[in-house]
Structures are given as structure tokens and as C-alpha cells.
Amino acid sequence: MNDSVWSLVLAGVENFILINGALSVLAFSVAAIVRLVARSHSWHPLSLSRLYATTLAVPTLVSAWLVFASLLPAMWLGVDRWAQQHNAPHTLHLLNAWTISLDPALGYAALAFALLVAALSGYAAFSTYFRIGRIIRRLEVEAEPAPPERIRQVESACRQYGMDVGLVVSRYPFSFVWGYLRSKLVISTGLLNALSSEELSALLEHEAAHHARRDNLLKWGLTVCRYASPIFPLTNLLYRWRSEQVEMVCDEVAARRTSSPVEVAGALVRVKRLTRAIAPHRVQRVESGFFGEGGENFEHRVMRILSLDEQTEARKVTALSRSWARPAVCAGL
């Protein structure tokens with residue numbers, strides 16, 4: 001790679017990080033203000049989850065497009081020819097005119113940050129592997145088998161929603177949806193033994209809502225966006241806020257499809273108690289996807305579920321379960 005190409009790469013990375021950082025600060029400010037307003041105006045979790053997803057994705061997508069567009073002339077003409085015809089004291093028509101005095105140190109720092117982002121994104125993408133490892137260490141031979149009627153209930157629900165299912169023999173109560181495109185429900189015998197038929201139906205509807213919404217795929221894309229920003233401590237907060245709202249959306253889907261909010265709340269409370277009894281020192285790090293990532297808003301979720309009416313609204317359930325993964329990908333392209 002010659003010097004002109006290398007300087008172009010450094011300038012592109014530098015511009016992306018600076019623009020993304022500025023836009024991320026603006027987006028986070030908007031999201032934080034809306035979050036404060038929403039507490040007194042009872043905004044629906046679906047609206048908030050979409051807002052948080054937008055404020056996570058837009059800064060990265062806009063920054064990437066601006067940098068890519070600024071590179072097009074050099075890519076079209078060739079680096080050497082473009083440099084000969086370009087007399088400005090900077091390589092890109094973006095922010096380099098203001099940062100040229102800090103180069104090349106700023107460019108190398110930006111490149112180092114980009115490598116750090118790649119490492120963090122890779123770790124986040126493979127964190128599920130380590131999560132599975134923690135679950136595997138909890139498996140034991142002496143766990144009680146699940147009742148056949150519970151297994152048939154799970155298989156029936158998964159067939160209805162087009163999900164595969166995997167049963168894990170463990171007294172530890174957990175369930176989660178695995179996969180990005182072809183989802184698979186992973187559930188333990190301990191959970192099947194712990195819940196009543198009605199509570200299990202509520203949990204299955206909750207997990208099926210995650211599957212229908214393609215939440216795993218969206219989470220993967222938003223994970224890349226949150227670590228691509230130089231203010232990723234704040235974008236991580238946005239990501240957590242969105243996760244909390246998504247769990248409440250899926251709670252509402254389950255409550256409306258079963259016409260029994262009490263059973264959804266009961267399933268949450270029962271799994272929480274079992275988790276506390278089995279792993280008292282890991283209550284805030286439960287393995288079940290039913291709690292989302294962290295489970296900090298547990299009490300609020302339960303109270304909100306109990307406040308829902310028991311009338312099923314088919315059109316509203318369809319809207320809550322709609323997948324935004326495909327439109328998001330198309331918008332990104």
C-alpha cells in the first residue's frame with residue numbers, strides 16, 4: 001500500500017470516528033430527553049424501542065455513507081490522479097481541514113480505535129458462545145426429566161411459529177431463542193417442570209415474539225453500531241434501554257395472545273424465584289432469555305404486565321410482532 005492510499009485510509013477512518021462521535025452525542029441527547037418525557041407521558045415500549053434503535057443505528061450509517069461518498073472521487077479517478085488535481089491541504093472534503101494540525105497522530109489514534117471496535121464487536125458477537133458455556137457447566141445427569149405433556153406443548157407451539165426446539169436436561173430454569181435467520185428455541189427440563197401449563201404458554205408466546213421480530217438479527221446489527229461510536233459507554237446505555245423496551249413488547253404480545261397477563265407475570269416471578277434459589281449470587285446475571293439482558297427492570301415489567309387488559313387485539317399483536325430486520329437492512333443498503 002503506497003503512502004497516498006495509506007493516508008486516504010487514515011483520513012477515512014478519522015472522519016468516520018469524528019463524525020460518528022458528534023452524531024452519537026446528538027442522538028443520545030435526543031434519546032435521553034425523550035426517555036425523561038416518556039416517564040410522565042406513558043409512551044408505548046414499541047415506540048421507545050424503535051427510537052432507541054434509530055438513535056443507535058443512524059449515526060453509524062450516516063457517518064459511513066458520508067465517508068464512503070467522500071472517497072468516491074479518489075476511487076473513481078485513482079488516488080494519484082485525484083491527488084494531482086486536488087490542491088486543498090487535506091485529503092477529504094470533510095473534517096480534515098480542521099484536524100490537519102493533529103495529523104498523523106490523530107489518524108493513527110482513530111485507526112487504533114477502529115481496531116478496538118472490531119475486537120469489541122467480535123467479542124460481543126461471540127459472547128453467546130460463552131453464555132452457552134456457562135449453561136453447559138450447569139448441566140447434570142440427575143436432573144428430572146420433563147413431563148411428556150409439557151414437551152408436546154413446547155413442540156406444538158414451536159411448529160405453530162416455525163421454530164426448531166432443543167431440550168436441555170438441567171434443573172436450572174432457562175430458555176432463549178438461538179440463531180439469526182432460522183431461530184431455535186432452547187429450553188431446559190427444569191423450566192418445564194417449574195411452570196404450569198398456562199405459565200409455559202405465556203413464556204412460549206414471549207419467546208415466539210422474539211423469533212417473529214427477528215430480534216437476534218437486529219441485536220447483532222445494533223451491537224456493531226454501538227461499538228462503532230467513540231462514545232460507546234453512552235451507546236451501550238442506549239442499547240440496554242432498547243433491550244428493556246423490547247422485553248416489555250414481547251411481554252405484551254404474550255399477554256394478549258394468551259389473554260392472561262397474570263400468567264405472564266406469574267411465569268416471570270416463578271422463574272426469578274427459582275433462579276434465586278439455585279444461583280443466589282448470580283441473580284442479576286440470569287441465563288434465561290425471558291429476562292432479557294440483565295433483568296434490571298424486573299419489577300417494572302411485572303407491574304406493567306398486570307396493568308394490561310385481558311382483551312386480545314389481533315391487529316395490535318400483529319403490529320407488535322412485526323419484524324423490522326428486513327426494512328432495516330434495506331435502509332442500510
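**Exercise 1. Which residues of H12 are buried?**

Before you start: this is a predicted model, in which local features need pLDDT of at least 70 and side-chain atom pairs count only at pLDDT 80 or more, while totals for chains, interfaces and linings use all residues. Residues are numbered from 1 along each chain as its sequence is written, and side-chain values use heavy atoms, with hydrogens and water left out.

*Solution.*

Step 1. Settle the terms. Helices (H or I, at least four residues) and strands (E, at least two) are DSSP runs, numbered from the N terminus. Buried means under 20% relative accessible area, exposed means over 50%, and partly exposed is in between, with a 1.4 Å probe and protein chains only.

Step 2. Go along H12. Its buried residues are Phe298, Arg301, Val302, Arg304 and Ile305.

Step 3. Look around the axis. These residues cover an arc of only 165°, so they sit on the same side of H12; the arc is that of the directions from the helix axis to the C-beta atoms. On the other side of H12, the exposed residues are Glu299, Met303 and Ser307.

Step 4. Zoom in on Phe298, which has a place in helix H12. Phe298 counts as buried at 15% relative accessibility. From C-alpha to C-alpha, Phe298 and Ala265 are 10.0 Å apart in space and 33 residues apart in sequence.

**Exercise 2. Find the salt bridges that involve helix H10, and say which parts of the chain they link.**

*Solution.*

Step 1. Apply the criterion: a salt bridge is a side-chain nitrogen of Lys or Arg within 4 Å of a carboxyl oxygen of Asp or Glu. A search of the whole structure gives eight salt bridges.

Step 2. Take Arg35 and Glu244. Their closest N and O atoms are 3.8 Å apart, and the two form a salt bridge. This pair links distant parts of the chain, with Arg35 in helix H1 (residues 3-41) and Glu244 in helix H10 (residues 232-258), 209 residues apart. Arg35 counts as buried at 18% relative accessibility, and Glu244 counts as buried at 13%.

Step 3. Move on to Glu205 and Arg257, a salt bridge with its closest N and O atoms 3.7 Å apart. Because Glu205 lies in helix H8 (residues 197-213) and Arg257 in helix H10, the pair ties together parts that are 52 residues apart in sequence. Glu205 is buried, with a relative accessible area of 13%, whereas Arg257 counts as partly exposed at 30%.

Step 4. Return to H12 with Glu252 and Arg304, whose salt bridge has its closest N and O atoms 2.8 Å apart. Glu252 lies in helix H10 and Arg304 in helix H12 (residues 298-307), so this pair ties together parts that are 52 residues apart in sequence. Glu252 is buried at 0% relative accessibility, and Arg304 is buried at 17%.

Step 5. Look for shared partners, too: salt bridges join Arg213, Asp215 and Arg242 into one network.

**Exercise 3. In what order do the three strands of the open sheet stand, and what packs on them?**

*Solution.*

Step 1. The order is E1-E3-E2, with mixed pairing. Two strands pair if DSSP finds at least two bridges between them.

Step 2. Find the edges. Strand E1 (164-168) and strand E2 (175-178) each have a single partner strand, so one side of each is left without a neighbour in the sheet. From one strand to the next, the twist averages 20°.

Step 3. Check a pairing. E1 and strand E3 (residues 184-188) pair in the parallel sense over five bridges, and Leu167 stands opposite Ile187 in E3.

Step 4. Add the helices, taking contact as heavy atoms within 4.5 Å. Axes are lines fitted to C-alpha atoms, for helices over the stretch in contact, and angles run from 0 to 180 degrees between N-to-C directions. Helix H6 (residues 148-161) packs on the sheet and touches E1 and E3, its direction making about 155° with that of E1. H8 lies across E2 and E3 and runs at about 25° to E2.
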